[in-house]
Amino acid sequence: MLKKLLCLALSCAMLAGAALPAAAADDASARLAKVTQLVKDVLELDTAQYESFHGDYSEELVPVWTLCWSSEDHSLIVEALEDGTIVGYQEDAPEAVPLYGRGSSLPTFPAGESAACREAAEAFLKKVLRDGESIELEDTTDYNGLWRTGSYYRGEVLLNGLPSPLNYSLSVDAATGRIIRFHRDVTETVSVGGVPAPEAAAEQAKASASLKETLELRLEYVLGTKDTDVARLRYIPERGDTFYVDAQTGETLNNTELEKQMNQDYGMAADAAAPMATAGAGELESKRENGLSAAEQEGVQDMAGVLPKEELDRLLRAETAYGLSGYALASASYSVEKGTDGEPARVWCALRYRMSSGEETCSRTITVDARTGAVERVYSSAPWDRDRVLTEEQALEKAGAYLERLCPDRAESLEHYVRKSYTQSDSAPYFRFQFARKVNGYFFPADIYTVSIDAVTGAVYSMEYDWSDEITFDSAEGIISMDEALDAWLATYEVELGYRLVPQKLSASDGTQKKLMDQGLGYYYGMRLTYGLERDEYCAGIDAKTGNAEYRENLEDEVLSYNDLTGSSAKEAIEKLARYGIGYKTATFRPGRSLTQWDLVCLLASVNGYRLDPETATKEERDSAYYSVYDMGALTRQDRSDAAPITRSTLIKMLLNASGYAPAARLKGIYTTAYTDQSTIPAEDLGYAAIAQALNLTQGAYTGTRPATRGDAALMLCQVLERPAAA
């Protein structure tokens, strides 16, 4: 009891975010009593069942109270403004099921939204929404909600019927119809100055023309999909500033610049460039052998021909661009990267250098091919905010000259590549540059070298690259004009009238704004009626030859879809699984394809969030997927055999084992079935066959020895997830 109350008190304290200001102590009890009564009236609460209560508040723009009721097995936390406006609600009751639950076995499909859940949500919102506010409930339980035990709603709060930056989330327990969680933004906590009237004076057509003028595209080579090595030309958006058009005056607003001004007042201007992280085989520490098995002795041969660290160090010091004079070699780590498709293993060596001068310490790590000394990557650390010796132009010249020595064959096609959204940090100890491959006069930034030059010494501060020699390039003939591309790009948007947060100059005549000014601020967000460009789907750009908009496929958060399901008996099951993110991250499902163990593991692992293409998954992805399925109990480590064909009997066993039926299925002498071929079912499989029949996984003949297909796996998995939740 005491522990539970202590945890609840800590939760409330964290939600409150700040202690009660001393200046407010005199009237705090009266204010707490008032807001508590307002909240009880708004929510029609009967709080007699609770044994304890306390309230805290925090204040940034306006006070937000956190009210906590609790008893031994029941708690309620409500966040509210002083006028009783509800901004947060959380109830934990003994009969309420947690909204999310994840175990080691396969879950069941959630019941989905019920009429009772929607009615409860609508009734709650009717209590807590204010005049001018509305919400169009959209249940999201059916999408990526496999582990949910209730209905879940989220979206935006409309102001005067128009879109706004205010969001909400609402959870309803399916079993009890209780509101379990609720949170919403309110204008008072995110902006100053109130909400403008919803009527627009500026014309939408003129706003559209003004917004088009702010759009910028660049023409580059890109890879169409991960399954092709042919690069083609695409108009790609510049990642630049965000613009709106004021709906009253027609003024074009550069919101990015306004936010920069606001951040300067905060004293929070962020550095645009951070030290580049480096990872990979070269950063792995070599492991010491402890008694060599035959396999280990074979692996040792991978190290044949590597150069000692002294020779690698000599080669690196011979290149003055690395500026190793004064640096001491601190360590050298060798690691092996196993070859694929018959290729020999590669061995990397990461040499780490350090130099100390007074209180300052600098380091440099250079990863090289341990057999040739060819440099793979460079990473350094040095104090920031030093006085620079080099100009940016001088550093760029040094970076280009370094690449000409490092990779002379590739350097011929490399050019300095600049994105408008990137700016150098004034406090960084380096200047950072990118050099991308250029073909037919256009950049292909997938092949790129990133080089940073020390702003004090002129040495190479960091270097990393991506490059492929297997790419072919489409011709640069027959491309549409930039203006045509801009028209096509604008057409992917809707010019939407709505409320948006735009920084505004503070006024001392408003009490809340004066408090911000007293803290040294000159600007803060205000709610402003504007036109802006909005799009529901992510668009990667405009095809330079067809003029078609290209929407990115298979994003992690999107519903999976396939183009080869027509005529398949598994179509409905595959599409239902896909709505929950279960399936393969491919454009085709291939339902008639014979099922392998890896195919099934890939499918089962997607239940736990793994979205993989079985054909292209890396070893690490494969191992992670297998570990997930081991945890389900579908398979043991000893039974792993990626390419092994799966029979219908094995498929059923793996699915039922993963669903927790194994103990029951292994009971002897208690099962019979109605299968026409029961006499052919091995005794040890009869329990699995009977449970499969009860769950409608298969009917008629069992045909356990028949090879299973991907479609069979989808049909049976879908049926397993349809089983009663109590199973």
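**Note on aromatic pairs, charges over rings and helix α9**

1. In this predicted model, W598, Y626, Y627 and Y630 are joined into a cluster by ring pairs. Across the whole structure, a search finds 19 aromatic pairs. Two of them are taken up in the next points.

2. One aromatic pair is made by F53 and W69, with ring centres 5.0 Å apart. The planes meet at 40°, and the pair is classed as tilted. F53 belongs to strand β1 (residues 52-59) and W69 to strand β2 (residues 63-71). The two residues are 16 residues apart, and their pair links distant parts of the chain. Is each partner buried or exposed? F53 is partly exposed, at a relative accessible area of 33%, whereas W69 counts as buried because its relative accessibility is 4%.

3. F444 and F473 form an edge-to-face pair, 5.1 Å from centre to centre and with 85° between the planes. This pair also links distant parts of the chain: F444 sits in strand β20 (residues 442-454), F473 in strand β22 (residues 472-473), and 29 residues separate them. F444 is buried, with 1% relative accessibility. F473 has a relative accessible area of 21% and is partly exposed; the cut-off for buried is under 20%.

4. Charged side chains over rings deserve a look as well. R535 lies over the face of W489, 4.6 Å from the ring centre. R710 places its charged end over the ring of Y584, at 4.4 Å from the centre of that ring.

5. Helix α9 covers residues 392-406, 15 residues in total. From first C-alpha to last, α9 reaches 21 Å, which is close to the 21 Å expected at 1.5 Å a residue.

6. Which residues of α9 are buried? They are A395, A399, Y402 and L403. Viewed down the axis of α9, the buried residues fall within an arc of 100°, so they line one face of the helix. The spacing fits a general rule: an α-helix has 3.6 residues a turn, so residues three or four places apart point the same way.

7. On the face of α9 turned away from the buried side are the exposed residues E393, E397 and E404.

8. What do the buried residues of α9 pack against? Their partners are α10 (408-411) and the strands β17 (375-381), β18 (414-417), β19 (430-439), β20 and β21 (460-466). Strand β20 is also where F444 of the edge-to-face pair is found.

Key. Residues numbered from 1 in each chain as written. Predicted model: local features only at pLDDT ≥ 70, side-chain atom pairs only at ≥ 80, totals over all residues. Heavy atoms only, no water. Phe/Tyr/Trp six-rings, centres within 6.5 Å; stacked < 30°, edge-to-face > 60°. Helix = DSSP H or I, 4+ residues; strand = E, 2+ residues; numbered from the N terminus. Buried < 20%, exposed > 50% of the residue type's maximum accessible area, 1.4 Å probe, protein only. Lys NZ or Arg CZ within 6 Å of the ring centre and 35° of its normal. Expected span 1.5 Å × (residues − 1). Arc of directions from axis to C-beta. Contact = heavy atoms within 4.5 Å.
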